[in-house]
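Please look through the sequence and the structure shown here, and keep both at hand while reading the report that follows.

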Amino acid sequence: MRLQSSSHFLFTVCQQGAEKALKEELGSAHPDFKFAYSRPGFLTFKNTQPTEIPFDFILHSIFARAYGVSLGGSPRNSKTIFQTAETLKSIYPLLKPHLHVWQRDFYPPGKEPLGYDPKTLSFTLEKDLRKDVPHFFEKPRSPKPQELVFDVILLDENQVWLGGHLHTTSHSPWPGGVPELILPNEAPSRAYLKLEEAILWSQAPLLRNDTALELGSAPGGASYALLLRGLHVIGIDPGKMDDQILKNPHFQHIQRPVAQVLREELPDSIQWLLLDMNVEPRVSIFAVDRLASRMKESLLGVFLTLKLNHWKITHEIPEILSHIRQMGIIKMKAAQLSRCRQEFMIYGLTRKGMARKL
């Protein structure tokens, strides 16, 4: 495979089921990119303009967990893969490439077979590649800005897709956009993983003794994550909270629907507002809007999980983001994180939140 310093093709990976949303997103943001090839959870696009896609290209996308310059498909063969890596390095001879190996989502979220491990194939392949050329790649660590990354995506047991990128903050530092996280046995739900990933992704300036208000807290996975970090948590949910959460002296449960909670019932000082309610985004945003006015002077930031009950709701995302900005959120980003299901996460900071330094 002969490579240039750039290419007309871009690869992207996303959650199974989000392919159409990703196509529409790129069609709007980059109308010159035309769909080229796909497998579930994996899509490539061709730039139809004479301008090629450089390795430091920045893609602003909610639904693409990882992306890069596409270098084409290959058999799952260490020798063939390494030849492509050597050619990529020849373009940037002063850079030692990072190696990111992962497999596309083989199943939609929640549909994985019992005992399924999404890292089995990628672990074996990465181990083989590093063993064959022990000093060629950087040791496993998060890439720094402008460092070279060689991407190897397993499409199935026998086929890989190869790509590369120069790292920027628009790229996830984790292969395939999936950080290594372990669900504690004591965690009441997988919402623990979703919030922990969101905190890593956002680098939110959470501090011990901050107060967080969580809308849709039951059974308590996200509350558990916050309590472990030393925060005080107020959970609003008509559902039952896990007993260990209720016993924590830093947790308060308001066991009613959000619509029945008066702003006056809340503390004067709340730093973080979290939302994860199984209702349509407009309903969720109305609840946030109503209560956020109570904490205008103290609020630092928000973590808002919005459900995509129907994929067509994705057309409303720009309007939703605009509305959240009007609530005083100055800095904001959104993504469908790897632990999300048919939903996406919005993280935002107020002016006061942006001033906090960790």
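## Glu214 and its surroundings

The side chains of Glu214 and Ser223 are joined by a polar contact of 2.5 Å. Glu214 belongs to strand 10, and because its relative accessible area is 4%, under the limit of 20%, Glu214 counts as buried. This is a predicted model, and the distances in this report are therefore computed from predicted coordinates.

Leaving aside residues within four places in sequence, Glu214 is in contact with Ala222, Ser223, Val233, Ile234, Gly235, Ile236 and Leu274. Leu274 is a useful member of this list for comparing sequence with space: Glu214 and Leu274 are 60 residues apart in sequence, and yet their C-alpha atoms are 4.6 Å apart in space.

## Gln271 in its loop

Gln271 lies in the loop that runs between strand 12 (251-254) and strand 13 (272-276). Is Gln271 buried or exposed? With a relative accessibility of 12%, Gln271 counts as buried, because the limit for that class is 20%.

The side chain of Gln271 reaches the backbone nitrogen of Thr211 at a distance of 2.8 Å. Thr211 is also among the residues that Gln271 touches when those up to four places away in sequence are not counted, the others being Asp210, Ser298, Leu299, Leu300 and Gly301. Lys307 offers another pair to consider, for Gln271 and Lys307 are 36 residues apart in sequence and 23 Å apart in space, again from C-alpha to C-alpha.

## Two further buried residues

His171 is found in the loop between strand 9 (159-166) and helix 4, and because its relative accessibility is 7%, His171 counts as buried. The side chain of His171 makes a polar contact with the side chain of Tyr67, at 3.3 Å. Beyond its neighbours within four places in sequence, His171 is in contact with Phe57, Tyr67, His165 and Leu166.

Tyr67 appears again in the surroundings of Thr12, a residue of strand 2 (residues 9-13). Thr12 has a relative accessibility of 0% and so counts as buried. Its contacts, with neighbours up to four places away in sequence set aside, are Leu22, Gly41, Phe42, Leu43, Phe45, Leu59, Ala64, Ala66 and Tyr67.

## Backbone details in the loops

What is the form of the peptide bond from Ala218 to Pro219? This bond is cis, with an omega angle near 0 degrees, and Pro219 itself is found in the loop between strand 10 (211-215) and helix 5 (221-228).

Gln146 and Gln203 may be read side by side. Gln146 has a positive phi of about 70 degrees although it is not a glycine, and its place is in the loop between helix 3 (120-132) and strand 8 (148-154). Gln203 also has a positive phi, near 55 degrees, in a residue other than glycine, and it is found in the loop between helix 4 (191-202) and strand 10. Gln146 counts as partly exposed because its relative accessibility is 41%, whereas Gln203 is exposed, with a relative accessible area of 59%.

## The second largest pocket

The second largest pocket has a volume of about 1000 Å³. It is lined by 36 residues, and of these the closest to its centre are Glu112, Pro118, Arg190, Ser338 and Arg339.

Strand 7 (98-103) and helix 4 each supply at least two residues of this lining, and helix 4 gives the most, with three residues. Sorted by kind, the lining residues of the second largest pocket divide into 16 nonpolar, seven polar and 13 charged.

## Confidence in the model

How far can the details be trusted along the chain? The protein averages a pLDDT of 94, and 98% of the residues score at least 70. Over residues 1-5, however, pLDDT stays under 50, and for this stretch the model has 15 contacts beyond four places in sequence. Where pLDDT is low, the predicted coordinates should not be read in detail.

Technical notes. Residues numbered from 1 in each chain as written. Predicted model: local features only at pLDDT ≥ 70, side-chain atom pairs only at ≥ 80, totals over all residues. Heavy atoms only, no water. Helix = DSSP H or I, 4+ residues; strand = E, 2+ residues; numbered from the N terminus. Buried < 20%, exposed > 50% of the residue type's maximum accessible area, 1.4 Å probe, protein only. Contact = heavy atoms within 4.5 Å. Polar contact = N/O pair within 3.5 Å; in protein donor to acceptor, adjacent residues only side chain to side chain. pLDDT = per-residue confidence, 0-100. 1 Å grid on protein atoms, 1.4 Å probe; cavity = no way out; pocket = protein on both sides within 12 Å on 5 of 7 lines; lining within 4 Å. Points joined across faces, edges and corners; volume = space filled by probe spheres on them. Nonpolar A, V, L, I, M, F, W, Y, C, P; charged D, E, K, R; others polar.
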